[in-house]
Amino acid sequence: ADVLKRRVLDMSITSWQEHVKTLPTISRAWIASAKRTGSHLALADFTLDHELSGNQALTGSLLLARRIRPKKNQRNIGALLPTSAGGALLNMAVLLAGKTIVNLNYTASREALTQAIEQADIRTLYTSSRFMRKLEARGIYLQDLFMDLDVVDLEQLNQAIPVWEKLLTLLSVKCLPTAWLQAIYTCDQRASDTAAILFSSGSEGAPKGVMLSHRNIVANVKQVAEVLNME
């Protein structure tokens, strides 16, 4: 009986490993998910009383990705944002642009933040002026750490995008089939490519960066969905 149980376990592990090889990149999965959601609610940011449909969220991420992609000589893109709709869209945009997202932990020490920026070779940082003001109100001042970086304010960036470009992108999201959008906007990505780098807090020495691939994250999402029985 023990041998039989072991064989069944080995088969289930092998089956899962084979299934993982078929999983898409996060970018392709995001486009497919947003398209399925369509005009229904996809993201809700209650701190800003802001709701986005699948079409609107995908449009926003594609507009951002178009401005991130030209940074040819930069593989890793930094983000200093709260858990928010804007933060989610930026994460998707960086991946759609074929790059790696590095979300910096603003609660870490100044030294840990500096070392994370250096280790990941971050040269461009996306943040929010509203968020930075909130940090300052809490006594957290970080601007001087980013003096050598190209700091992009998402609020100003959004205002600078022409209305006609937003409308054309929204129209393409609504009209083009999922496969076309994936072919146009996901670049030459592989599931084995690094999607994100997560840094430890640095409480026990220099912060350590963990490189997670698209496959790592999508497989983890699938595992959680199976346990919680989610669509």
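Here is a friendly set of questions and answers about this predicted model.

Me: How many helices and strands does the protein chain have, and what percentage of the residues count as buried?
Reply: Happy to start with the overview. The protein chain has 10 helices and 8 strands, and its C-alpha trace spans about 65 × 50 × 35 Å along the principal axes. Of its 231 residues, the share that counts as buried is 41%.

Me: Is the aromatic pair stacked or edge-to-face?
Reply: Searching the whole structure turns up 1 aromatic pair. Tyr 106 and Phe 131 form this pair, with 5.1 Å centre to centre and 80° between the planes. Planes over 60 degrees apart meet the cut-off, so the pair counts as edge-to-face.

Me: How many residues apart are Tyr 106 and Phe 131?
Reply: Good one to check on the model. Tyr 106 sits in the loop between strand S4 (100-103) and helix H5 (110-119), while Phe 131 belongs to helix H6 (residues 129-137). The pair therefore links distant parts of the chain, and the separation in residues is 25.

Me: Which residue of the aromatic pair is buried, Tyr 106 or Phe 131?
Reply: The cut-off for buried is under 20% relative accessible area. Tyr 106 has 21%, so Tyr 106 is partly exposed. With a relative accessible area of 8%, the buried residue is Phe 131.

Me: What is the volume of the largest pocket, and which residues lie nearest its centre?
Reply: Let's take the volume before the residues. The largest pocket has a volume of about 920 Å³. Its lining is made up of 31 residues, and those nearest the centre are His 50, Ala 85, Gly 86, Leu 89 and Asn 158.

Me: Which element gives the largest share of the lining of the largest pocket?
Reply: At least two lining residues come from each of strand S2 (50-53), helix H3 (54-68), helix H4 (85-96), H6, helix H7 (154-160) and helix H8 (163-175). The lining residues divide into 15 nonpolar, 11 polar and 5 charged. The largest share is 5 residues, and the element supplying it is H3.

Me: What span should helix H10 have, and how far apart are its end C-alpha atoms?
Reply: H10 (residues 214-228) has 15 residues. The expected span is 1.5 Å times one less than the number of residues, so H10 should span 21 Å. The end C-alpha atoms agree with this, being apart by 21 Å.

Me: Which residues are exposed on the other side of H10 from the buried ones?
Reply: The buried residues of H10 are His 214, Val 218, Ala 219 and Ala 225. They cover an arc of only 120° around the axis, so they lie on the same side of H10. On the other side, the exposed residues are Val 227 and Leu 228.

Me: Why do the buried residues of H5 lie on the same side, and which residues are exposed on the other?
Reply: Ala 112, Leu 113, Ala 116 and Ile 117 are the buried residues of H5. Their arc around the axis is only 135°, which puts them on the same side of H5. An α-helix has 3.6 residues a turn, so residues three or four places apart point the same way. On the other side of H5, the exposed residues are Glu 111 and Glu 118.

Me: Is Lys 71 buried or exposed?
Reply: Lys 71 lies in the loop between H3 and strand S3 (76-80). Its relative accessibility is 16%, and buried means under 20%, so Lys 71 counts as buried.

Technical notes
Residues are numbered from 1 along each chain as its sequence is written. This is a predicted model: local features need pLDDT of at least 70, side-chain atom pairs count only at pLDDT 80 or more; totals for chains, interfaces and linings use all residues. Side-chain values use heavy atoms; hydrogens and water are left out. Rings of Phe, Tyr and Trp (its six-membered ring) pair if their centres lie within 6.5 Å; planes under 30 degrees apart count as stacked, over 60 as edge-to-face and the rest as tilted. Helices (H or I, at least four residues) and strands (E, at least two) are DSSP runs, numbered from the N terminus. Buried means under 20% relative accessible area, exposed over 50%, partly exposed in between (1.4 Å probe, protein chains only). On a 1 Å grid over the protein atoms alone, a cavity is a set of points where a 1.4 Å probe fits but cannot get out, and a pocket is an open set with protein on both sides within 12 Å along at least five of seven lines; lining residues have an atom within 4 Å of a point. Grid points are joined across faces, edges and corners, and a volume is the space filled by probe spheres set on the points. Ala, Val, Leu, Ile, Met, Phe, Trp, Tyr, Cys and Pro count as nonpolar, Asp, Glu, Lys and Arg as charged, and the others, Gly among them, as polar. The arc is that of the directions from the helix axis to the C-beta atoms.
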